[in-house]
Amino acid sequence: MFDLTEADRPTRTLVVCQRHTKRTSSHGGKNGGPQLRQADQHNDDYDPLSEEAISEICLLVESAGGEIAEVVTASRASPQPATFVGSGKAEELAQAVKQHHIELLVVNQAISPIQERNLEKAVGCRVLDRTGLILDIFAQRAKSHEGKLQVELAQLRHLSTRLVRGWTHLERQKGGIGLRGPGETQLETDRRLIGDRIRRLKERLVKVSAQRGLRRRARKKVPLPTVSLVGYTNAGKSTIFNRLTESSVYVEDQLFATLDTTMRRLEVPEYGEVILSDTVGFVRDLPHTLVQAFQSTLEEVSSAHVLLHVVDAAGISRDENIRAVQQVLDEIDANDIPQILVYNKADLIDPEFRGKAMNGFDGKITEKVWVSAHDGSGMDDLLAAIARLLSASRQRYQVQLPISAGALRAKLYERGTVKGESQTEQGDWEIEIELSDSALGWLRKQPNVQGIASQ
């Protein structure tokens with residue numbers, strides 16, 4: 001992969017954004033390349049030449065360690081099959097590369113390996129598409145062992161489709177003393193080595209995923225529901241996480257500042273304790289290889305009881321970003337989990353515009369809350385919404401405990417589930433509690449529970 005921080009200095013980068021006006025069906029790229037959508041968008045509202053779209057790709061480049069020298073825009077009916085851009089635009093880009101001493105050209109779409117190679121020849125510098133750029137950022141941000149394995153797997157899957165470069169040694173047949181025989185081209189060797197490495201990474205990730213599964217099952221033994229923060233990258237998830245849990249998770253005004261999942265216990269008034277998790281942010285056209293590689297991490301989202309879908313309320317592409325996140329949630333089978341739409345950065349929005357935003361998207365949203373992670377306003381409303389949503393899935397039971405089960409009685413009080421209590425003549429406790437299905441299963445396994453009856 002390309003290192004945008006080579007020699008400890010920013011890489012001078014030229015960004016290309018191209019709009020395609022002709023909508024055609026999807027098709028696979030040559031040489032196993034990515035599946036390219038000719039319209040380059042998921043809905044008619046998204047414009048790749050909009051100020052928001054251009055700002056996002058520039059922020060991606062800067063997050064990777066690049067320095068924007070120039071942004072070039074273009075509009076075509078459809079991508080040019082050989083070079084993605086037209087011949088005239090390719091000449092313009094070649095001149096800009098020489099004039100600004102460009103080291104890297106970034107295309108704000110996914111392009112095929114053939115298009116990437118031909119465009120490199122036409123402009124005279126390294127070319128990276130949106131997928132490769134995001135993979136580079138993930139490689140820089142990954143801190144945990146599992147995160148590094150996941151990113152390497154995604155990188156190798158992406159690289160395996162791009163072993164088509166014009167390096168002469170890739171087409172030579174191995175030969176010489178001790179190497180004659182059936183023969184194997186260098187290109188075939190590279191593909192085989194990458195395939196072997198991918199297989200080993202998958203095996204290691206299966207073990208890591210099994211360990212994560214064991215930890216998840218261990219958490220289920222303690223009946224605390226999980227609430228996961230999800231949303232478009234840089235929407236303020238980690239800042240909200242820190243505000244709610246008084247933690248110090250890394251926060252920075254850059255895309256994909258957080259990759260590894262972080263969990264903390266959180267006391268929710270009128271409900272009790274929950275586990276709050278902060279996960280990787282999503283982005284439009286998130287590379288499918290990354291979704292596959294981060295499957296075990298994203299399982300933390302798909303196994304949550306409630307999703308806090310954080311939205312940058314001040315963003316121009318607010319609704320488009322919501323749809324992009326929803327698409328990823330659909331892909332990881334998390335679309336049926338109750339969601340609270342959390343409009344962050346409320347301090348930047350005029351209150352008279354809030355009604356329009358609140359009604360702008362329904363989808364699978366159960367509740368909508370306005371907050372400001374910056375000044376802390378709205379956090380009580382958010383906690384109240386979490387309590388309402390989790391309490392709705394609880395049922396009330398009458399539980400009888402012997403006087404010797406004081407530790408279990410204390411745990412029930414810690415979880416805020418006790419609604420009433422009385423004692424029998426023998427001194428046993430009769431406790432009225434509200435429990436979720438998982439908490440009820442946990443309680444049934446506890447010793448000394450004399451009886452549980454639904455009300």
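**Close-up 1. Arg-396 and Glu-434 join side chains in a salt bridge, with N and O 2.8 Å apart.** Arg-396 sits in strand 13 (residues 395–401) and Glu-434 in strand 15 (residues 429–435), so this pair ties together parts that are 38 residues apart in sequence. Keep in mind that this is a predicted model. How covered are the two partners? Arg-396 is partly exposed, at a relative accessible area of 32%, while Glu-434 counts as buried, at 16%. Side chains of opposite charge can pair when their charged atoms come close.

**Close-up 2. Another salt bridge, this time between the side chains of Arg-409 and Glu-421 (2.6 Å, N to O).** Here the link runs between helix 13 (residues 406–414), which holds Arg-409, and strand 14 (residues 418–423), which holds Glu-421; the two residues are twelve residues apart. Arg-409 is partly exposed, with 24% relative accessibility. Glu-421 is partly exposed too, with 34% relative accessibility.

**Close-up 3. Glu-116, Glu-120 and Arg-126 make up one network.** What holds this little group together is a set of salt bridges that share partners. For the wider picture, the structure holds 15 salt bridges.

**Close-up 4. Helix 10 covers residues 318–331 and has the span its residue count calls for.** With 14 residues at 1.5 Å a residue, helix 10 should span 20 Å, and its end C-alpha atoms are indeed 20 Å apart, so the two values agree. Is helix 10 mostly covered or mostly open? Mostly covered: ten of its 14 residues are buried. Among them are Ile-322, Ala-324, Val-325, Val-328 and Leu-329, and the buried set also includes Glu-320, Asn-321 and Gln-326. An α-helix has 3.6 residues a turn, so residues three or four places apart point the same way. Past the end of helix 10, look for Asp-333, which has a positive phi, near 60°.

**Close-up 5. At the start of helix 10, Arg-318 and Asp-319 form a salt bridge.** The closest N and O atoms of this pair are 3.6 Å apart. Arg-318 has 18% relative accessibility, and because the cut-off for buried is under 20%, Arg-318 makes it into the buried group. Asp-319 is buried as well.

**Close-up 6. Ser-372 sits in the loop between strand 12 (365–370) and helix 12 (379–391).** Loop or not, Ser-372 is buried, with a relative accessible area of 0%. What surrounds Ser-372, leaving aside its neighbours within four places in sequence? Its contacts are Asn-344, Lys-345, Ala-346, Asp-347, Ser-377 and Met-379. With Asp-347, there is a polar contact from side chain to side chain, at 2.8 Å. As for Asn-344, it is 28 residues away from Ser-372 along the chain, yet their C-alpha atoms are separated by 5.2 Å.

**Overview. Zooming out, the protein has 14 helices and 16 strands.** Of its 455 residues, 51% count as buried. Among contacts with a separation of 6 or more, 70% come from residues 24 or more positions apart. The accessible surface of the protein comes to about 21,300 Å², and carbon and sulfur atoms account for 47% of that area.

Conventions. Residues are numbered from 1 along each chain as its sequence is written. This is a predicted model: local features need pLDDT of at least 70, side-chain atom pairs count only at pLDDT 80 or more; totals for chains, interfaces and linings use all residues. Side-chain values use heavy atoms; hydrogens and water are left out. Helices (H or I, at least four residues) and strands (E, at least two) are DSSP runs, numbered from the N terminus. Buried means under 20% relative accessible area, exposed over 50%, partly exposed in between (1.4 Å probe, protein chains only). Contact means heavy atoms within 4.5 Å. Accessible areas come from the Shrake-Rupley method with a 1.4 Å probe; for residues, only the protein chains shown count as cover. A polar contact is a pair of N or O atoms within 3.5 Å; within protein, one must be able to donate a hydrogen and the other to accept it, and residues adjacent in sequence count only if both atoms are side-chain atoms. A salt bridge is a side-chain nitrogen of Lys or Arg within 4 Å of a carboxyl oxygen of Asp or Glu. The expected span of a helix is 1.5 Å times one less than its number of residues.
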